[in-house]
Amino acid sequence: MRNRQPLQFYNEPLAGVDVSDLQGKLIVVEGPDAVGRSTQIALLRQWLEQEGHAVLDSGMARSALAGKGIQQAKEGNTLQPITMTLFYATDFADRLENEIIPALRAGFVVLIDRYIYSIMARAIARGEDRRWIEQVAGFALVPHAVYYLRAEVEQLVRRVVIGRGAFDYWESGMDLRFGTDMYESFVKYQRRLIKALDTMVEPYNFTVIDAAQPIDKIFRTLQRHVSRLRLSGLGPQRPTRPRARAAKA
Amino acid sequence: MSLFVPNRYRGKLIVVEGIDGSGKSTQISLLSHWLRSQGYAVAFSEWNSSPLVRQTTKRGKKKEMFTPTTFSLLHATDFADRLESYIVPLLKAGAIVCADRYAYTAFARDVARGVGRRWVRNLYRFAIHPNLAFYFRVPLDVALGRILGGRDALKYYEAGMDLGLARDVEESFRIFQGRILDEYDAMAKEMGFHIIDATQSIETQQLRMREIVMNEIGESLKNTVLHVPKTGEIVAQPSTAPVL
């Protein structure tokens, strides 16, 4: 049975890890590629730090153990789907045990740019077994909140073309050739990812946020939600405007 | 729910398991040479040998960064890469793939490290079910004698030093291998292992292995597996119908 209590393991305790003394907050921002997650994480971090909270942010393929290996694997053309899923799961476990849990123990607010849900969505989009990957990822901690920035594929395409000027091989799911070129493959692959994330909204308790809105409006919505989490310490948080300009992460 | 994915390919998968010092590597090497000499296309895959994952494993071991969970997951990543990039394509092509250690190694070793039994079994559910799995059973002291006599230093993770079982490396190795041995013994029946008494002479064990291979999969070796005639040219047996 899947746990729903924050800072408990979903369904598999991590060997040798005690969660009884965790006290920080675990906040996840989820969403497909190019939806604007990292911009919002940077804004949230700035705001929370101004409010006096210690913040750790963590994102995919940033672990000391596997980050480099994943980057190198993606540069080649031999990374197969199950291997990729498990490599990302390794990366996640390393960050969970060595960064996230120690930070939670120390009372940090931990902001995560994509959690197990993206790993699972990618696996599902590649035709891997949903129950398999859900159980593999069962050692993840239940977050206090998951904010799902939801957009339609057409919006993602606009952001990619205007913002970056080119499609990314992996973001387009080119390893599986969903289409004859990067654009077609991107559209089909991202559509699958969004569909997979949509199915997690209820079971994983996502808060859905419409990512078609302007950046500052999304941010104010996020602030409102985060304020309700009752972050400990400096008294009630009021949503304030971050003074510095929006960081481009 | 079945443990693994059934092997629906033309090729056959033969794996060996056992604790360090059980002699399984010697035996699978002899078996693969013999099968090759019989004209079969034989490939070989060793535990923890994926080029894609090698650097990461090296980093983790060198800096002693692993936890039981990341150790387990990275070895599963390594296994997945070998399976997806190497073993499955070769099985499709009709080769006999011999594997020195398979998912059972993780079942024994990771559980001995404290990882959940059900979790690690689920982790490897994508593995192809071997056609034959040999387990080289040997008493702990015999294996330890072979290992400790023949090699220089025991390695950190190999000895289970990450678990803090004992300060002395040899003592830690003894306790850790003992736990692994218990796990192997406990799963032997469930997994349908062909148990080989690894205290016997090398020749006796090898004869027994060949006998089991011929009894169990001799027919399909003749009929479906890729055959390499003496000229060196690789052709399928004429009677072969594609299984895919």
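## Strands, helices and a shared face

Strand β1(A) and strand β4 (residues 145-150) of chain A pair in the parallel sense over 4 bridges. Pairing here asks for at least two bridges found by DSSP between two strands, and the elements themselves are DSSP runs numbered from the N terminus: helices are H or I runs of at least four residues, strands are E runs of at least two. Residues are numbered from 1 along each chain as its sequence is written, while chains are lettered from A and ligands numbered from 1 in the order in which they are written. Please keep in mind that this is a predicted model, in which local features need pLDDT of at least 70 and side-chain atom pairs count only at pLDDT 80 or more, whereas totals for chains, interfaces and linings use all residues.

**Strand β1 of chain A**

On the pairing with β4(A), E30(A) stands opposite Y148(A). β1(A) is also joined to strand β3 (residues 109-113) of chain A, through 5 bridges and again in parallel; there, L26(A) faces V110(A) across the pair. Burial follows a neighbour count: with C-beta atoms placed from the backbone, a residue is buried if 20 or more other C-beta atoms lie within 10 Å of its own, exposed if 12 or fewer, and partly exposed in between. By that count 6 of the 6 residues of β1(A), residues 25-30, are buried, so the strand is largely enclosed by the rest of the structure. Both of its faces are covered, with K25(A), I27(A) and V29(A) on one side and L26(A), V28(A) and E30(A) on the other.

**Chain A as a whole**

Stepping back, chain A has 8 helices and 5 strands, and from the N terminus on its elements run β-α-β-α-α-β-α-α-β-α-α-β-α. Its radius of gyration is 18 Å, close to the 18 Å that the globule rule gives for 249 residues, so chain A is as compact as a globular protein of that length. That radius is taken over C-alpha atoms, and the rule is 2.2 Å times the number of residues to the power 0.38. The C-alpha trace spans about 55 × 45 × 35 Å along its principal axes. Of the 249 residues, 46% are buried. Contacts, meaning pairs whose C-beta atoms, placed from the backbone, lie within 7 Å, reach far along the chain: among those between residues at least 6 apart in sequence, 77% join residues at least 24 apart.

**Where the chains meet**

In all, 27 residues of chain A are in contact with 28 residues of chain B. On the chain A side, α2 (67-75), α3 (81-105) and α5 (130-136) each supply at least two residues, and α3(A) gives the most, with 9. By class, this side has 15 nonpolar, 9 polar and 3 charged residues; Ala, Val, Leu, Ile, Met, Phe, Trp, Tyr, Cys and Pro count as nonpolar, Asp, Glu, Lys and Arg as charged, and the others, Gly among them, as polar.

**Helix α3 of chain A**

This helix deserves a visit of its own. At 1.5 Å a residue, its 25 residues should span 36 Å, and its end C-alpha atoms are 34 Å apart, which agrees; the expected span is 1.5 Å times one less than the number of residues. α3(A) bends by about 45° at L96(A), the bend being the angle between axes fitted to the seven residues ending there and the seven starting there. Of its 25 residues 20 are buried, so α3(A) is largely enclosed by the rest of the structure.

A89(A) lies in this helix and counts as buried, with 27 C-beta neighbours inside 10 Å. Leaving aside residues up to four places away in sequence, A89(A) touches I119(A), V136(A), A137(A) and L73(B).

**A covered helix in chain B**

In chain B, helix α4 (residues 103-112) is mostly covered, with 10 of its 10 residues buried; among them are Y104(B), F107(B), R109(B) and D110(B). They pack against β1 (12-17), α3 (68-93), α5 (117-123), β4 (132-137) and α7 (169-187) of chain B.

**Positive phi angles**

| Residue | Phi | Place |
|---|---|---|
| G107(A) | near 85° | follows α3(A) |
| G114(B) | near 105° | follows α4(B) |
| R230(A) | about 55° | segment after α8 (215-227) of chain A |
| N48(B) | near 60° | loop between β2 (42-46) and α2 (54-62) of chain B |

R230(A) is exposed, with 10 C-beta neighbours inside 10 Å, whereas N48(B), with 15, is partly exposed.

How values were computed: Two residues are in contact if their C-beta atoms, placed from the backbone, lie within 7 Å.
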